[in-house]
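Hi everyone, thanks for coming along. Please have a look at the model on the screen, and I'll talk you through it.

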Amino acid sequence: MVQKTLQQAYQQAPWRKATRKGMLFLILAFLSVLLVWISLTISVESAEAAIEISRLEKQKEFLEYKIASLNTEIALQSSASVMEERAKLLGYRPATPEEIVYMTVPGYPGKQTALVLPPPPSSQEETITLKSSYQQSLSDWLFQGLAQIENLQRGALP
């Protein structure tokens, strides 16, 4: 009987139902605010990343322009006519054939030639070998796979 009265008293307390509804409302409100906060945070971070990307692309374009400009300046400064003029201003003059002295260094093999291109192909025909898996058509591969599946279902080992 004591338990029945406690149960009846618990059911008759309207503030408990209101508290339960209030807590449910607060939890739902908290979750919705959390969801909005997360979506705003992600939106702000993506907008900042887009602005940073745009800024870096503009900086890249400027640097590419600057590099092209400097390469042009280097080409102009290292042209034959400009180099000859600068050499004359520094007091240099072209050497005469009598002033040129060639000397040999014992043990120096000389300038080595570097092969940039591969050697030309031999006169014999080269045979190209492909792996057998590359010579198989898609339908052959599918039929072979289906046959293996059937063998496995029958109990045969691969």
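**A walk along the helices**

Let me start with a single residue: L34 counts as partly exposed because its relative accessibility is 34%. For these labels, buried means under 20% relative accessible area, exposed means over 50%, and partly exposed lies in between, with a 1.4 Å probe and protein chains only. You can find L34 in helix α2, residues 14-77.

Some housekeeping before I go on. This is a predicted model, where local features need pLDDT of at least 70, side-chain atom pairs count only at pLDDT 80 or more, and totals for chains, interfaces and linings use all residues. Residues are numbered from 1 along each chain as its sequence is written, and side-chain values use heavy atoms, with hydrogens and water left out.

So what does the protein consist of? It has 4 helices and 0 strands, and from the N terminus the order reads α-α-α-α. Helices here are DSSP runs of H or I with at least four residues, strands are E runs of at least two, and both are numbered from the N terminus.

How confident is the predictor? On pLDDT, its confidence in each residue from 0 to 100, the protein averages 83, and 78% of the residues score at least 70. Among the elements, helix α1 (residues 2-12) has the lowest mean, 63, while helix α3 (residues 80-89) has the highest, 92.

Now the surface. Of the 158 residues in the protein, buried ones make up 1%. The accessible surface comes to about 16100 Å², and carbon and sulfur atoms hold 65% of that. Those areas come from the Shrake-Rupley method with a 1.4 Å probe, and for residues only the protein chains shown count as cover.

Back to L34, which has company: together with L24, I27, L28, F30, L31, W37, I38 and I42, L34 makes a nonpolar surface patch of about 920 Å². Patch residues have over 30% relative accessible area and no salt bridge; nonpolar side chains (Val, Leu, Ile, Met, Phe, Trp, Tyr) are joined within 5 Å, and like charges within 9 Å.

On to charges. Side chains of opposite charge can pair when their charged atoms come close. The rule for a salt bridge is a side-chain nitrogen of Lys or Arg within 4 Å of a carboxyl oxygen of Asp or Glu, and the count comes to 3.

In helix α2, E52 and R55 sit 3 residues apart, about one turn of the helix, and their side chains meet at 2.5 Å, N to O. E52 is partly exposed at 35% relative accessibility, and so is R55 at 43%.

Helix α3 holds K88 and E84, 4 residues apart, again about one turn; this salt bridge is 3.7 Å, N to O. The third pair is R93 with E99, whose closest N and O atoms are 2.6 Å apart. R93 counts as exposed because its relative accessible area is 55%, whereas E99 is partly exposed at 41%.

Last stop, helix α4, residues 138-154. Its 17 residues should span 24 Å at 1.5 Å a residue, and the end C-alpha atoms are 25 Å apart, which agrees. That expected span is 1.5 Å times one less than the number of residues. After α4 comes G155, with a positive phi near 100 degrees.

Technical notes
pLDDT is the predictor's confidence in each residue, from 0 to 100.
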